Amino acid sequence: MAIWQIEKLGGLANFGGARSRLRSVGRFDTSSLPTADEKAAEALFQKPPKAAMSKGADGFRYRITRSTVSGSETIEVAESSVHPAIASSVKDELI
Amino acid sequence: MTTRKASTATTKHPSSPAGATIESVRGPLALGARHLHHDHNNVGTCSCFIVPKKVLERFANDKKLSVQQRQYFADAAKLEDEWRKTRAQSAKLVKETRAMLPTGMTAAAIATAAPPTLLVFDCQHGTALPGVPIPNPGTSSDPSAKQAFKETKGVVDFYQQVFGRNSLDNAGLTLISSIHFSVNYNNAGWNGNQMSYGDGDGSIFIDFTKSNDVIGHELTHGITQYTAGFAYKNQAGGLNESMSDVFGSMYRQWSANQTVSTADWLIGKDIVGPGAAAQGYKCLRDMSNPAANHCLAPQPTKFSQYQNGMDPHDASGFPNFAFYKAAKAIGGKSWEKTGKIWYQALTGFPPSPNMKMSVFANRTRTLAGSLFPADPSIKSAVDAAWKAVGL
């Protein structure tokens, strides 16, 4: 079982921006995914796809942090690279 | 209106073929999601579109779907051929016209080319794009469909009447809007090919089609893509975002025939939900006061605050403020003079993906002088506006 910290960033309303009042965070247990999907999600850390959209604008990014034996590891990837279950693990809120 | 609210599955998802993921959202597309999604990175869904015609045709013949659902897919398959033909014909007409006619007449030829086709699709709370086509969206019983169509047409009319531009590519590009994207989705976007609009969570935000400046904002990303091509990072990203706020706000003001003094300069005022409003928030951003506390996402106001890697929605603060200051100093209606300068600065030059803000600022200064040579106060106003934000 691995619990990842998930944060949704950006979008039209700039979630998680330096001065933003909008935040979207959550936790996700990767063992809830089917094995193939869990492996694919882990593979994001091996070769993270770009955080920025190749085209377009106002998309969300996801910052994902996991704990490893050597410490925590964080990546930031575009919304299109994130499994829907991981994407929906966050809750939008006003801070 | 009956709203089909999709349900989301519990955390356990069914297994899927390698490289594909099933959306756990009910609706006609749930069956199609297995096939409609393709996964470049082998971990999740892809937001690429358009759905290939052969996939649409497969669903049109899928007896597991209702007659109406099969008809939707059949219509979408037929429609794809038609809009691709229309777009190709428009592009060919423009190319041939440019080759045959003097430059001055080319603009007239482009302006008289067929206006764009406007299509609206319903994602039915899934994330497959573009979704199910909505016939006659302008008269739909779905307020979101009606609003998306009406304001997209409005933006098209704005760019045509004010700037002589025929759609995003100036060649009648068909415009596609997808509504009811995902569940409680607090966002709208442009993915390089089309717009998508979420319904909001009902507390922080409401339906993203409700704010006409948001629709103008998203469409302007398309114009930037086809013209200056500002990359979505660093200073160019801030300019990219600023162009969308500037022309989105300008469109809103044009729709209401407001002057620079009667406009409120707020971005996203009409999508603020009751939960956010109860805490005193009025908008996403405020071009007249980017750091204001009533903004959900206040912005920096001086270029000295810029940092590489800043989110484009932060970095747009300084150019937004500069446009506001210039427009207010010049007076009248924002699209008449200040808007003309900014439009020419955006569209009148070869693509500059890595544009620096100082270069763009100087470009507007020069254009203010060349577009309005009889009134030096306009160039002075533009110059002062940029200096006020440190550029």
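Two residues are in contact here if their C-beta atoms, placed from the backbone, lie within 7 Å. With that in hand, welcome to a set of close-up views of a predicted model.

**Figure 1. A:Val77 and the residues it touches.** We start inside chain A, at a residue that belongs to strand β4 (residues 71-78). Leaving aside its neighbours within four places in sequence, A:Val77 is in contact with A:Leu44, A:Pro48, A:Pro49, A:Ala51, A:Arg61, A:Tyr62 and A:Val82. Is A:Val77 buried or exposed? A:Val77 counts as buried, because 22 other C-beta atoms lie within 10 Å, and the cut-off for a buried residue is 20 or more. For a sense of distance, look across to A:Leu94: it lies 17 residues from A:Val77 in sequence, and the two C-alpha atoms are 23 Å apart in space.

**Figure 2. Chain A as a whole.** Stepping back from A:Val77, you can trace two helices and five strands in chain A. Followed along the sequence, they come in the pattern β-β-α-β-β-α-β. Chain A is as compact as a globular protein of its length, because its radius of gyration of 13 Å is close to the 12 Å that the globule rule gives for 95 residues. If you draw a box around the C-alpha atoms along the principal axes, it comes to roughly 35 × 30 × 25 Å. Buried residues account for 48% of the 95 in chain A. Take the contacts in chain A between residues at least 6 apart in sequence: 59% of them join residues at least 24 apart.

**Figure 3. Strand β1 of chain A and its two partners.** Here the view closes in on strand β1 (residues 3-10) of chain A, which pairs with strand β2 (residues 22-29) of chain A in the antiparallel sense over five bridges. One place to look is A:Ile3, whose bridge partner in β2(A) is A:Asp29. β1(A) also pairs with strand β3 (residues 60-68) of chain A, again in the antiparallel sense, over six bridges. Which residue of β3(A) stands opposite A:Leu9? That residue is A:Arg61, which you have already met among the contacts of A:Val77.

**Figure 4. How confident the predictor is in chain A.** The mean pLDDT of chain A is 93, and 97% of its residues reach 70 or more. Among the elements of chain A, strand β5 (residues 90-94) has the highest mean pLDDT, at 98. The lowest, 92, belongs to helix α1 (residues 35-46) of chain A. For the complex, the predictor gives an ipTM of 0.95 and a pTM of 0.80.

**Figure 5. The two domains of chain B.** Chain B has 13 helices and seven strands, and 51% of its 391 residues are buried. The chain is divided into domain 1 (28-210) and domain 2 (234-388). Where the domains meet, 13 residues from domain 1 of chain B and 13 residues from domain 2 of chain B take part in the contact. What kinds of residue does domain 1 of chain B bring to the side that touches domain 2 of chain B? They divide into eight nonpolar, four polar and one charged.

**Figure 6. An open sheet in chain B.** Five strands of chain B form an open sheet with mixed pairing, in the order β2-β1-β3-β5-β4. The edge strands are β2 (132-133) and β4 (188-190) of chain B, each of which pairs on one side only. β4(B) pairs with strand β5 (residues 195-197) of chain B in the antiparallel sense over three bridges. Look for B:Trp190 there: its bridge partner in β5(B) is B:Met195.

**Figure 7. B:Ser182, in a loop of chain B.** B:Ser182 sits in the loop between β3 (175-179) and β4 of chain B. B:Ser182 counts as buried, because it has 22 C-beta neighbours inside 10 Å. Beyond its neighbours within four places in sequence, B:Ser182 is in contact with B:His125, B:Thr127 and B:Gly198. B:Ala385 is 203 residues from B:Ser182 along the chain, and their C-alpha atoms are separated by 40 Å.

**Figure 8. Where to read chain B with care.** Chain B averages a pLDDT of 84, and 73% of the residues score at least 70. Over residues 1-50 of chain B the pLDDT is below 50, though this stretch has 115 contacts in the model beyond near neighbours in sequence. Residues 100-105 of chain B also stay under 50, with two contacts beyond four places in sequence. Where pLDDT is low, the predicted coordinates should not be read in detail.

How values were computed: Residues are numbered from 1 along each chain as its sequence is written. Chains are lettered from A and ligands numbered from 1 in the order in which they are written. This is a predicted model: local features need pLDDT of at least 70, side-chain atom pairs count only at pLDDT 80 or more; totals for chains, interfaces and linings use all residues. Domain bounds come from an automatic or database domain assignment. Ala, Val, Leu, Ile, Met, Phe, Trp, Tyr, Cys and Pro count as nonpolar, Asp, Glu, Lys and Arg as charged, and the others, Gly among them, as polar. Helices (H or I, at least four residues) and strands (E, at least two) are DSSP runs, numbered from the N terminus. The radius of gyration is taken over C-alpha atoms; the globule rule is 2.2 Å times the number of residues to the power 0.38. A residue is buried if 20 or more other C-beta atoms lie within 10 Å of its own, exposed if 12 or fewer, and partly exposed in between; C-beta atoms are placed from the backbone. pLDDT is the predictor's confidence in each residue, from 0 to 100. Two strands pair if DSSP finds at least two bridges between them.
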